[in-house]
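Let's take a walk through this structure together, starting with a pocket and then moving on to strands, single residues and the chain as a whole. Keep the 3D view open as you read.

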Amino acid sequence: MSAKAISEQTGKEFLYKYICTTAAVQNRFHCATVTTETNWDSLVKDHPWLQTERLVVKPDQLIKRRGKLGLVEVDQDLQGVRDWLSTHLMTEIMVGKTKGVLKNFLIEPFVAHSQEEEFYVCVYTSREGCHILFYHEGGVEVGDVDSKAQRLTVGIDEKLTEEMVTGQLLIHLTDEKKEMLASFITGLFNLFEDLHFTYLEINPLVVTSNGVHILDFAAKIDAAADFICKSKWGDVTFPPPFGREAYPEEAYIADLDSKSGASLKLTLLNPRGRIWTMVAGGGASVVYSDTICDLGGVDELANYGEYSGAPSEQQTYDYAKTILSLMTREKHPDGKVLIIGGSIANFTNVAATFKGIVRAIKDYQGPLKEHEVTIFVRRGGPNYQEGLRVMEEIGKTTGIPIHVFGTETHMTAIVGMALGHRPIPNQPPTAAHTANFLLNSSTTASTPARTRNPSCSEFKVTSSVTDATTPPTAVPSAKGTTLFSKQTKAIVWGMQTRAVQGMLDFDYVCSRGEPSVVAMVYPFTGDHKQKFYWGHKEILLPVYKNMTYAMKKHPDVDVLINFASLRSAFDSTMETLQYPQIRTIAIIAEGIPEALTRKLIKTADEKGVTIIGPATVGGIKPGCFKIGNTGGMLDNILASKLYRPGSVAYVSRSGGMSNELNNIISHTTDGVYEGVAIGGDRYPGSTFMEHVLRYQNTPDVKMIVVLGEIGGTEEYNICQGIADGRITKPVVCWCIGTCATFFSSEVQFGHAGACATQASETAVAKNQALREAGVFVPNSFDELGDIIKLVYDDLVTSGIIVPAPEVPPPTVPMDYSWARELIYAGMPITEVFKEEMGLGGVLGLLWFQRRLPRYACQFIEMCLMVTADHGPAVSGAHNTIVCARAGKDLVSSLTSGLLTIGDRFGGALDAAAKQFSKAFDSGLLPMEFVNKMKKDGVLIMGIGHRVKSINNPDMRVQILKDFVKQHFPSTQLLDYALEVEKITTSKKPNLILNVDGFIGVSFVDLLRTCGGFTRDEADEFVDIGTLNGIFVLGRSIGFIGHYLDQKRLKQGLYRHPWDDISYVLPEHMSM
């Protein structure tokens, strides 16, 4: 999603509907659209003013400077308009380098006015706020308004007042117009913010004695704000740039994109072209287009597009079949090529996406062969070997020439092969496989030892590389130079178990002492634990429903990784910013409205918090910490040497390209020290310059790599930093998007911020400026690795970098010996028997995940013994017997009995524990507790027995009581329950503390006083139903016994005695 241009008619309709101003806005909704399909009778009927007013007609197709191009006809009647349209509608014209057909026109009332009544007003956004430009002259000859207009900047969350407008913008106006314009501009600005405009220009704005007239209007809105503004926007149609047709296939892919959490983009440039692309990743898609244009293929480039964000197999199939359908509609004399490329994925399952592409190739194998299509594939990332295998297989089975390459081949090498600029190797080099590393061969839980120390450094001056010993320069004082260390602790927002496991695997191979993720926050479930692996050891991480509770429980956390959706990322991040312990936040979501992002940036800057993202995969600090899915799977972590630090730090916009940088840097230098992908949005939470200055101030960083892109001006700050002496370390930089200068119409690339709005924002201009500033700039992305190697070798030669000896990575094969022996809560089964832990000890390990004291294990066993059976007549045993005699199997019969357990039979352990605990903890006296329950009409769980009484005691309770009093450290709750029993039995002798109640309250005393549980943990075990489990487990023994008895005795079908059943018809039926 990005800032997208809307038609003049759409923009004016928004203004007419929603502007709030005391100024009289004239000619509201007097806009009529004309196309080739227009029925003039219907048009006049819908817009009767067309016959009564003088008119203006002009094309509404995002054409700039229409007046100077002679495309505006003024002061005509309806017939004059029709005559003019007859010579212009469907006419092909040239606008600059762009050729297009005039198809859509707008008719409005003509406003007679003088030049003195024309004004210019423009509102646009920037990182710091919104800017209003006003000039007291307007029209086609307004000239360079940037240099001469009055300017007013409104900060984030700042309120614009009419006084501010009057005092700063309207200084050249007469008093009679100031009031009207001040109200109008204030209302316009409020409209701009409310409807999430990113750019709005009115030229001219005409102010006459009877009000304000909007003559020419141009605007862009933030398409990502659709979920906020849908009720006001309605269904907005975004017109294509002039000179490019709107194709139904583009609309189809846009619809798929809107319904998917992944990103799917398609722009048709030349449907007759022979070069087609299907590229994974917003950054990579631009790099491939750049390379095609660099190699002379711009005239044959048929499309721009990308798929990313882990689309499903079905989504990739739908995307691929759309492209294959388009490219097989018209033959090309030289045949066609399809480039299926991409960088090394961080988290997208390459095999799954390739299976979708393979399905599409199967469906279109006939047309593909008929059109002589050759396919070139290059990809890396999770499961990429399987993806490449299926791609090779489909080539063999269909006979379509498919050339397949992996990470051993430079990302864009296949472009040169496809265009005939480099040979196609018969046997591509085999990539090093590092899949045999997963776990330490040791059976201990310790992590592998560090395999390599950072490069040693001695600072020396060379003629070609700037000395890196210049004193550190200041970064913003509130933000730290170091974002991550080997002790960094993080909380992950969202149920992203795969990303968390990836982080823990990275921690393990980096020899961290403990996991970097301490908890997860997910507000859509209750608090619970989630299982992960630390090496081969199972660990449980807490998942909290509440952010406040998570922060309170983990005060050492200083990083939040936010996987919230685009709709909730803003709120969850703003909440996180309220906790002073958090110093870094990574926001993964793509498509957060720009206005919300700018509020996040403002708040973060005020609090000294670094934001990475939005629309990012994150960042990585080798040997220390990685954000979420950054760096991909462990085979790529090891192949790119990310398990230990190098000397090169990089910053990129693209997440996918950051992984490609990991690969390039690891092959050309001693490796990455730190890498950050700031995200592809127009306003990333942190900037290139912030991270470059951090690297400048980090002694272990010896050189810096920046991968910029088209759009924005952030790269110029690096030029200025070098000129000011704030950046002295060697910088290698390349800005992607150079292909944009070859296109005749504007193309919105994969990233929201990848669009140049002026010449200085083009990649070509920025690369030139960086080169002139002294940055090492290659001639193309293909040469980026060569330049990095050249600079690195120079630093090594000069002694600034002294590479440490390379030690093989921790390629320790998985040791299955740990899996050969059964383990209970980390205790091998042999140890369980050696320690004679018994059934109670095993239950402690499996239920409570810890070893309990000996007396506790004995008490558990006693509880199982006394609850095992209570004769054949009780409800559960009876149900088991009935089911057994009906011929059912053991499991069915046992289940029948177990389903009877509840508050009225056997299931009172939990309820009794909760009732007595609540009363005791709240300070109620036993008599007060009894009276309260009676008043509330609530039975006291665990009190009462059908047979036993104070005069006929239950010996099971007596046996347990003797044991508990002798062995438990404290019996406060039991004593309380016994006092309650004295009161209840004084009313009725059978209201005794029964076996359920006794076990319930005694178990609470055990959990609270045995020393193995915190108070919160003890209460949690009661809340989740652990105590009822004792009764269920014990009584299962008895139920099985009754089942076996019935089967052994060969008892027939049971029929219950009629006189034991109450069966009375309703009175009206009995008559």
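In this predicted model, the second largest pocket holds about 1200 Å³ of space. Its lining is made up of 33 residues, and those closest to the centre of the pocket are Arg-904, Gly-944, His-945, Arg-946 and Asn-994. If you sort the lining by residue type, you find 15 nonpolar, ten polar and eight charged residues.

Which helices supply at least two residues each to this lining? They are helix H32 (926-936), helix H34 (972-987), helix H35 (995-1009) and helix H37 (1026-1048). H32 gives the most, with three residues.

**Strand E24 and its partners**

Next, please turn to strand E24 (residues 559-562). Both of its faces are covered: Val-559 and Ile-561 are buried on one side, and Leu-560 and Asn-562 are buried on the other. E24 has a parallel pairing with strand E20 (residues 490-493), made through four bridges, and here Val-559 of E24 stands opposite Ala-490. Four bridges also link E24 to strand E25 (residues 584-587), again in the parallel sense. Within E25, Thr-584 is the bridge partner of Val-559. To get from E24 to E25 the chain passes through helix H17 (residues 569-576), in a β-α-β crossover that is right-handed.

**Strand E29 and its partners**

Strand E29 (residues 648-652) is another good place to stop. Five of its five residues are buried. Val-648, Tyr-650 and Ser-652 belong to one covered face, while Ala-649 and Val-651 belong to the other.

E29 runs parallel to strand E30 (residues 672-677), and five bridges join the two. Glu-674 is the partner of Ala-649 on the E30 side. The connection from E29 to E30 goes through helix H20 (residues 655-668), and this β-α-β crossover is right-handed. E29 also pairs with strand E31 (residues 703-709), in the parallel sense and over five bridges. There, the bridge partner of Ala-649 is Ile-704. Ala-649 therefore makes a handy landmark, as it has a bridge partner in E30 and another in E31.**The strand pairings side by side**

| Strand pair | Sense | Bridges | Bridge partners |
|---|---|---|---|
| E20 and E24 | parallel | four bridges | Ala-490 and Val-559 |
| E24 and E25 | parallel | four bridges | Val-559 and Thr-584 |
| E29 and E30 | parallel | five bridges | Ala-649 and Glu-674 |
| E29 and E31 | parallel | five bridges | Ala-649 and Ile-704 |

**A buried glutamate**

Glu-715 sits in helix H22 (residues 714-724). Is Glu-715 buried or exposed? With a relative accessibility of 2%, Glu-715 counts as buried. Setting aside neighbours within four places in sequence, the residues in contact with Glu-715 are Phe-688, Gly-708, Glu-709, Cys-735, Lys-766 and Leu-770.

**Backbone details**

Some spots deserve a look at the backbone itself. The peptide bond between Asn-203 and Pro-204 is cis, with omega at about 0 degrees. Pro-204 belongs to strand E11 (residues 197-208). A cis peptide bond also joins Gly-613 and Pro-614, where omega is about 0 degrees. Pro-614 is in a loop, the one between strand E26 (610-612) and strand E27 (619-621).

Two residues that are not glycines carry a positive phi. One is His-196, with phi at about 55 degrees, located in the loop that leads from helix H6 (175-194) to E11. The other is Glu-372, whose phi is about 55 degrees, in the loop between helix H12 (365-370) and strand E18 (373-378). How buried or exposed are they? His-196 has a relative accessible area of 9%, so it is buried. Glu-372 reaches 56% relative accessibility, so Glu-372 counts as exposed.

**The whole chain**

Finally, zoom out to take in the protein chain. Its secondary structure consists of 38 helices and 34 strands. Along the principal axes, the C-alpha atoms fill a box of roughly 110 × 85 × 65 Å. The chain has 1071 residues, and 56% of them count as buried. Among contacts between residues at least 6 apart in sequence, 74% join residues at least 24 apart.

How values were computed
Residues numbered from 1 in each chain as written. Predicted model: local features only at pLDDT ≥ 70, side-chain atom pairs only at ≥ 80, totals over all residues. Heavy atoms only, no water. 1 Å grid on protein atoms, 1.4 Å probe; cavity = no way out; pocket = protein on both sides within 12 Å on 5 of 7 lines; lining within 4 Å. Points joined across faces, edges and corners; volume = space filled by probe spheres on them. Nonpolar A, V, L, I, M, F, W, Y, C, P; charged D, E, K, R; others polar. Buried < 20%, exposed > 50% of the residue type's maximum accessible area, 1.4 Å probe, protein only. Contact = heavy atoms within 4.5 Å. Pairing = 2+ DSSP bridges. Right-handed = clockwise from strand over helix to strand, strands pointing away.
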